[in-house]
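Thanks for making the time today. I would like to walk you through one helix, its two packing partners and a pocket, so please have the model open as we go.

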Amino acid sequence: MSESTTQRILVIGAGAIGCTLAWHLSSEATQAAGIRVTLLARTASQQAIERNGLTLWQQGQSCGTHQIATTSSMSKDQQWDAIILCVKQYDLSNVLHQIAPLLQPSTALIPLVNGIPWWLMRSHPQLRDQTPERWGSSYARFPELAMQQVIGGVIHIPAHMRDYSNVEQGQRNTLALGEITRATGDVSARVQKLANAFHLSALQCKASPDIQSDVWNKLLGNAVFNPVSALANANMCEMLSNPGLRELCERLMTEVMAVGQALDYPQEVTVEERLIQAQSAGDARTSMLQDAIAGKPLEGETLIGSVTH
């Protein structure tokens, strides 16, 4: 495999989503196509993955163990075609501050975060002239980056960690990537190339001509299901099969849809259709419920506060 055809991808964050993507991108098919993935992980995660490999599970069954290259830091002499950021949004600004001086101009940055990403706030015509502080403290600390390096992303893959080197993936396996501008509606060559890499990994990746709308459509679920599940201590099935909780989700989603319409985002589905779609998640726990159970900080501001602002 020549250097010119090798696609080097760095995944930052060895949580459930980062490990799931790294596992899929390290398949035999992706490696044969010249895709080389490295996972940036903290010490305990890195040591466990180097020692045991990374095993992905679905429905309680092992899908295999992959040996994945890991690193605990970045350096300026490392060149990456793409960096996928799989961290909580409240940690994202700190990570970007750390890696910004080390980035090559040609490196694509792909933040896969819940809620409204900072790049949408800075690019939407109704929001970009507002001060970041108005959006909330989580948005006030982002560094100035060349926005043409950023590719928007939306992920629809429920997952949780069994331990540092074992990740359980839920039933869905889809994501979307797209240029953050809504000017042309075209799919760029670099987005298509990354989408092809994910397809080789057996994940379904949409090369989106309007990633902003995809982000907002996912927010319909994030801003509703995450807080309700955390407050009710209920997984997706329990939440949507409970008449009272389902009615609450319906009312909240109606309000979020109204905000989306005011921002000129098309509503692709009705509230009831969106609730039916969510039932495919089965017994999955939302990320906020997982964090609440683990005693971790919650993404309240970026999932809920950003909508109310």
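At what angle do α8 and helix α10 pack, and how far apart are their axes? Keeping in mind that this is a predicted model, the angle comes out at about 145°, with the axes of α8 and α10 (residues 243-262) 9 Å apart, and α8 passes α10 in a right-handed crossing. On the α8 side the contact is made by W216, L220, A223, V224, F225, V228 and A232, and on the α10 side by residues including L245, L248, C249, L252 and M253. By class, this contact has 15 nonpolar residues, one polar and no charged.

Let me turn to the other partner. Helix α8 (residues 211-232) packs with helix α11 (residues 271-278) at an angle of about 75°, with the axes 11 Å apart, which means that α8 is roughly perpendicular to α11. Here N217, K218, L220, G221 and F225 of α8 meet R274, L275 and A278 of α11, and the residues of this contact divide into four nonpolar, two polar and two charged.

Finally, the pocket. The second largest pocket has a volume of about 310 Å³, and of the 15 residues that line it, the closest to its centre are H156, R172, D214, N217 and E268. Strands β11 (174-179) and β12 (204-207), together with α8 and α11, each supply at least two residues of that lining, with α8 giving the most, namely four. By class, the lining divides into four nonpolar, five polar and six charged residues.

Terms used: Residues are numbered from 1 along each chain as its sequence is written. This is a predicted model: local features need pLDDT of at least 70, side-chain atom pairs count only at pLDDT 80 or more; totals for chains, interfaces and linings use all residues. Side-chain values use heavy atoms; hydrogens and water are left out. Axes are lines fitted to C-alpha atoms, for helices over the stretch in contact, and angles run from 0 to 180 degrees between N-to-C directions. Angles under 35 degrees count as roughly parallel, over 145 as roughly antiparallel, 65 to 115 as roughly perpendicular and the rest as oblique. Contact means heavy atoms within 4.5 Å. Ala, Val, Leu, Ile, Met, Phe, Trp, Tyr, Cys and Pro count as nonpolar, Asp, Glu, Lys and Arg as charged, and the others, Gly among them, as polar. On a 1 Å grid over the protein atoms alone, a cavity is a set of points where a 1.4 Å probe fits but cannot get out, and a pocket is an open set with protein on both sides within 12 Å along at least five of seven lines; lining residues have an atom within 4 Å of a point. Grid points are joined across faces, edges and corners, and a volume is the space filled by probe spheres set on the points. A crossing is left-handed if the near helix is turned anticlockwise from the far one by less than a right angle, and right-handed if clockwise.
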